[in-house]
Amino acid sequence: MNLILLEPGDFLDSGLAGEPGSPVITTLRGRRFQHITEVHRADVGDTLKVGLLDGQMGEGEVVEHREGQITLRVSLHRAPPPPLPLTLILALPRPKMLKRTIQHATALGVKQLYLINAYRVEKSYWQSPWLSEEKLREQCVLGLEQAVDTAMPKIELRKRFKPFVEDELPDIAAGSRKLVAHPVTDTPCPVDIPDQTTLAVGPEGGFIPYEVEKLQEAGFESVHLGPRILRVETALPVLLARLFPGR
Ligand code: SAH
């Protein structure tokens with residue numbers, strides 16, 4: 001937790017939370033209290049990095065620390081890092097991988113994410129409790145806290161591949177560079193591209209040829225990352241580091 005992420009409800013006077021530069025007071029309990037106490041070992045007078053969810057970032061000075069709760073005087077005056085110019089289309093990974101991938105994607109600056117079905121996505125994955133709005137949000141919060149960012153990603157679920165790719169994807173990807181990460185292709189993934197991009201990443205078993213064809217019909221170009229097949233959670237950071245180094 002490199003950033004203490006605050007929500008409007010955390011503020012004693014929530015009306016002040018939106019005013020840039022104005023110090024406000026917030027009292028934290030539970031997970032954030034524990035982290036500040038046990039990991040940061042912060043005490044009265046110490047300053048921590050804080051940010052308001054979907055808002056500005058700044059500092060929080062510990063003004064009171066007692067049993068089970070900590071109070072910060074918060075000043076918010078900095079914008080969060082800019083989002084990646086990217087919409088990510090990700091075939092739904094298995095639940096364990098999903099959690100980690102959502103955290104990584106969030107930490108890397110992904111703000112638009114579609115979790116889609118594909119032939120090699122097991123049906124049972126769609127029943128996972130980790131797909132609930134609340135659980136996805138928890139993983140995003142962990143990613144934001146890790147990366148020091150406040151802008152919550154938007155995650156959409158699409159359980160049918162064909163209608164998504166045929167009816168919805170053309171609008172979603174309109175005007176963007178369209179890439180599908182696919183190990184069996186001749187074109188290497190481009191490096192440092194300036195364009196708004198839509199990137200599709202397959203399931204653990206890969207996209208089947210029909211799916212790659214459908215994506216190609218929608219204007220997607222297949223690109224590879226070299227001769228090694230990577231896990232989705234590894235392929236994603238490698239793709240984003242190549243496409244948007246330093247961003
Ligand atoms: N079993 C599949 C690979 C699936 S890897 C096969 O052998 O073809 C899961 C996903 O990660 C792929 O669909 C692709 O989107 C991405 N990926 C992994 N390694 C990659 C590589 N070397 N090049 C491009 N994409 C890769």
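This note sets out numbered points on the predicted model shown above.

1. Overall architecture. The chain is built from six helices and 11 strands. Along the principal axes, its C-alpha atoms fill a box of roughly 60 × 40 × 35 Å. Of the 247 residues in the chain, 46% are buried.

2. Location of the ligand. The ligand sits in the largest pocket. It is surrounded by 18 residues, and the closest of these are Ala181, Gly202, Leu225, Arg228 and Leu230. Sorted by class, this shell comprises 10 nonpolar, six polar and two charged residues.

3. Polar contacts of the ligand. Three backbone contacts may be listed for a reader who wishes to inspect the binding site. An oxygen atom of the ligand lies 2.6 Å from a backbone N or O atom of Ala181. At Leu230, a polar backbone atom is 2.9 Å from a nitrogen atom of the ligand. At Gly205, a backbone N or O atom lies 3.5 Å from a nitrogen atom of the ligand. On its own, the ligand has 560 Å² of accessible area, and the protein covers 86% of it. Ala181 and Leu230 also appear among the closest residues of the shell.

4. Backbone geometry at Asp54. Most residues other than glycine have a negative phi. Asp54 has a positive phi, near 60°, although it is not a glycine. The residue is placed in the loop between β3 (47-52) and β4 (57-66). Asp54 counts as exposed because its relative accessibility is 56%, and the cut-off for that class is over 50%.

5. Backbone geometry at Val148. A positive phi is also found at Val148, where the value is near 65° in a residue other than glycine. Val148 belongs to the loop between α3 (133-147) and β8 (154-158). Is this residue buried or exposed? Val148 counts as buried, because its relative accessibility of 15% falls under the 20% limit. Both positions merit a look when the backbone torsions are reviewed: Asp54 with phi near 60°, and Val148 with phi near 65°.

6. Lys49 and its link to the Val148 loop. Lys49 is placed in strand β3, the strand that comes before the loop holding Asp54. With 44% relative accessibility, Lys49 counts as partly exposed. Which residue, 99 positions away along the chain, has its C-alpha atom 8.2 Å from that of Lys49? The residue is Val148, the buried loop residue of the preceding point.

7. Two neighbours in strand β5. Arg73 lies in strand β5, which spans residues 69-78, and Leu72 lies in strand β5 as well. Their exposure can be set side by side: Leu72 is buried, with a relative accessible area of 0%, whereas Arg73 is partly exposed, with a relative accessible area of 39%. The class of Arg73 follows from the cut-offs, because 39% is neither under 20% nor over 50%.

8. Spatial relations of strand β5. The C-alpha atom of Arg73 is separated by 6.5 Å from that of Val62, a residue 11 positions away along the chain. For Leu72, the pair to note is with Ile36: these two are 36 residues apart in sequence and 11 Å apart in space, C-alpha to C-alpha.

9. Phe164 in helix α4. Phe164 is found in helix α4, which covers residues 161-172. Its relative accessibility is 2%, so Phe164 counts as buried. Phe164 and Tyr114 are 50 residues apart in sequence, and the C-alpha to C-alpha distance between them is 9.9 Å.

Methods. Residues numbered from 1 in each chain as written. Predicted model: local features only at pLDDT ≥ 70, side-chain atom pairs only at ≥ 80, totals over all residues. Heavy atoms only, no water. Near = heavy atom within 4 Å. Polar contact = N/O pair within 3.5 Å; in protein donor to acceptor, adjacent residues only side chain to side chain. Areas by Shrake-Rupley, 256 points an atom, 1.4 Å probe, with all protein chains shown as cover. 1 Å grid on protein atoms, 1.4 Å probe; cavity = no way out; pocket = protein on both sides within 12 Å on 5 of 7 lines; lining within 4 Å. Sits in = over half its atoms within 2 Å of the grid points. Nonpolar A, V, L, I, M, F, W, Y, C, P; charged D, E, K, R; others polar. Helix = DSSP H or I, 4+ residues; strand = E, 2+ residues; numbered from the N terminus. Buried < 20%, exposed > 50% of the residue type's maximum accessible area, 1.4 Å probe, protein only.
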